[in-house]
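User: I would like to go through the charged pairs and one helix of this protein. Please show the sequence and structure before we start.

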Amino acid sequence: MSGTVGGAIAIFVKTPGYSAVKTRLAASVGAAVAVDWHVRAARTVAAVSRAAAAATGAVVYWAVAEADAIAAGAWDALPSLAQGDGGLGARMGRVHAELVRRHGAGILLGADAPQLAAGELSDALAWCAAAEPHQALGPAHDGGFWLYGANRATVVARWEEVAYSWPDTADRFRATFGDYGAWRVLSTLTDLDRRDDVPAMDYELGRVLAPLPEQQALRAWLASTFADEGTGRS
């Protein structure tokens, strides 16, 4: 994929020191490791997003949970958007509508998907650049999703109809948004929410065909940090 496609990507992050970060992971590996993972994974997702943006002409943002963190410049290298108040659905809906308003199409991307291939993200951007209504979804193995993209904004109330953080969240989301355009479903990936997810994350990072240096470095960090229990490597 190459050429000018346009659109925008917003990477959703929380800021250590301003909000609790990766609380489920922290319960099994400790807060310091969980915070380190969140920051490293987010920076890796940003590198993948920048690679896709270079191929498509998209714009990449941080979508930051805390207004104070934006004011303090806690997230550098990319412009920042405020998620605003409310639950996850309201925050996603608000950011997505802003991306569509500015760029015609928008992709929301979780900071916990560093094993995403830049080519697949570029393909999602191209799909959402169509003239007709299009949507893209990246499902997670835990039943949630790590990416949503579309070229039409949806009222925030529709986003709030979905129950998030459930084993069937992705299915509920697709049912709720079924009349907002044709779907493209991407690869199913693992969220690193528990220590037991480490081997799957390592395996998926290892399967990236043309890994970026940041993805290789993150895989090395996983191997070093969790060397006592092994990874998904053969």
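**Salt bridges and helix α9**

User: Which helix holds both D36 and R40?

Analyst: This is a predicted model, in which local features need pLDDT of at least 70 and side-chain atom pairs count only at pLDDT 80 or more, while totals for chains, interfaces and linings use all residues. Residues are numbered from 1 along each chain as its sequence is written, and side-chain values use heavy atoms, with hydrogens and water left out. D36 and R40 are four residues apart, about one turn of the helix. Helices (H or I, at least four residues) and strands (E, at least two) are DSSP runs numbered from the N terminus, and the one holding this pair is α2 (residues 31-56).

User: How far apart, N to O, are the side chains of D36 and R40 in their salt bridge?

Analyst: A salt bridge is a side-chain nitrogen of Lys or Arg within 4 Å of a carboxyl oxygen of Asp or Glu. D36 and R40 meet that criterion, with an N to O distance of 2.8 Å.

User: Is R101, which pairs with E98, buried or exposed?

Analyst: R101 and E98 form a salt bridge at 2.6 Å, N to O. They sit three residues apart in helix α4 (residues 88-103), so about one helical turn separates them. Buried means under 20% relative accessible area, exposed over 50%, and partly exposed in between (1.4 Å probe, protein chains only). With a relative accessible area of 61%, R101 is exposed.

User: How many residues apart are K22 and D112?

Analyst: The closest N and O atoms of the K22 and D112 salt bridge are 2.7 Å apart. K22 lies in the loop between β1 (8-13) and α1 (23-29), and D112 in the loop between β4 (106-110) and α5 (118-128). Both residues are buried. The pair links distant parts of the chain, 90 residues apart.

User: How many salt bridges does a search of the whole structure find?

Analyst: The pairs discussed above come from a search of the whole structure. The total is 11.

User: What span should the 13 residues of helix α9 have?

Analyst: The expected span of a helix is 1.5 Å times one less than its number of residues. In α9 (residues 213-225) the end C-alpha atoms are 18 Å apart, which agrees with the expected 18 Å.

User: Within what arc do the buried residues of α9 fall?

Analyst: Q215, L218, W221 and L222 are buried in α9. They line one face of the helix, because the arc, taken from the directions from the helix axis to the C-beta atoms, is within 115°.
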